[in-house]
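Biologist: Can we go through this model together? I have some short questions about it.
Modeller: Go ahead.

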Amino acid sequence: TPIEVWDHEQHRARDRLVDVDTPSGSTTMFRSPLNISGMPDPSWTVPSLCDHDAGLIEQIRHRNRPDA
C-alpha cells in the first residue's frame, strides 16, 4: 500500500524524508531523487498561495514591452 511505501525503513535509513514548512504548518515529504555531491539542499519551504504573483506579473509585463 502507499502507506507501507511511505513508512519503509529504508527511507529513513537513507535520509530520504525531509521536514518542510508550509503556510499551514510543517509536513514531511520525500527529498528530490537527484543528489549532487557538493550542492546544497534546496529551500524546503512551500510558498503561500499568491506569494509569487507580483514577481510573475512584472516578468510578463517586461516580456510584453515593445522595447524589451
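Biologist: What share of the contacts with a separation of 6 or more comes from residues 24 or more positions apart?
Modeller: Those pairs account for 24% of such contacts in the chain. Keep in mind that this is a predicted model.

Biologist: What is the order of helices and strands along the sequence?
Modeller: The pattern reads α-α-β-β-α. That makes three helices and two strands. The radius of gyration is 18 Å, whereas the globule rule gives 11 Å for 68 residues, so the chain is more spread out than a compact globule.

Biologist: What box do the C-alpha atoms fill?
Modeller: Along the principal axes, the box is roughly 55 × 30 × 20 Å.

Biologist: And how much of the chain is buried?
Modeller: Of the 68 residues, 10% count as buried. The accessible surface of the chain is about 6100 Å², and carbon and sulfur atoms hold 56% of that area.

Biologist: Where does Arg61 sit?
Modeller: Arg61 belongs to helix α3, which covers residues 53-64. Its C-alpha atom is 47 Å from that of Ala13, and the two residues are 48 apart along the chain.

Biologist: Is Arg61 buried or exposed?
Modeller: Arg61 has a relative accessible area of 54%; the cut-off for exposed is over 50%, so Arg61 counts as exposed.

Biologist: Switching to Met29. Which element holds it?
Modeller: Met29 is in strand β2, residues 25-30. With a relative accessible area of 32%, Met29 is partly exposed.

Biologist: Which residues does Met29 touch, leaving out those up to four places away in sequence?
Modeller: Met29 is in contact with Trp6, Arg16, Leu17, Val18, Val20 and Trp44. Taking Trp6 from that list, its C-alpha atom is 9.3 Å from the one in Met29, with their positions 23 residues apart in sequence.

Biologist: What about pockets? How much space is in the largest one?
Modeller: The largest pocket holds about 180 Å³.

Biologist: Which residues line the largest pocket?
Modeller: The lining consists of Arg16, Arg31, Ser32, Leu34, Asn35, Ile36, Met39, Pro40, Asp41, Pro42 and Trp44. By class, six of the lining residues are nonpolar, two are polar and three are charged. Arg16 and Trp44 appear in this lining, and both also touch Met29.

Biologist: One last thing, the backbone. What is phi of Asp15?
Modeller: Phi is near 55° there, a positive value in a residue other than glycine.

Biologist: Where is Asp15 found?
Modeller: Asp15 lies in the loop that runs between α2 (9-13) and β1 (17-22). The relative accessibility of Asp15 is 45%, so this residue counts as partly exposed.

Definitions and conventions. Residues are numbered from 1 along each chain as its sequence is written. This is a predicted model: local features need pLDDT of at least 70, side-chain atom pairs count only at pLDDT 80 or more; totals for chains, interfaces and linings use all residues. Side-chain values use heavy atoms; hydrogens and water are left out. On a 1 Å grid over the protein atoms alone, a cavity is a set of points where a 1.4 Å probe fits but cannot get out, and a pocket is an open set with protein on both sides within 12 Å along at least five of seven lines; lining residues have an atom within 4 Å of a point. Grid points are joined across faces, edges and corners, and a volume is the space filled by probe spheres set on the points. Ala, Val, Leu, Ile, Met, Phe, Trp, Tyr, Cys and Pro count as nonpolar, Asp, Glu, Lys and Arg as charged, and the others, Gly among them, as polar. Helices (H or I, at least four residues) and strands (E, at least two) are DSSP runs, numbered from the N terminus. The radius of gyration is taken over C-alpha atoms; the globule rule is 2.2 Å times the number of residues to the power 0.38. Buried means under 20% relative accessible area, exposed over 50%, partly exposed in between (1.4 Å probe, protein chains only). Contact means heavy atoms within 4.5 Å. Accessible areas come from the Shrake-Rupley method with a 1.4 Å probe; for residues, only the protein chains shown count as cover.
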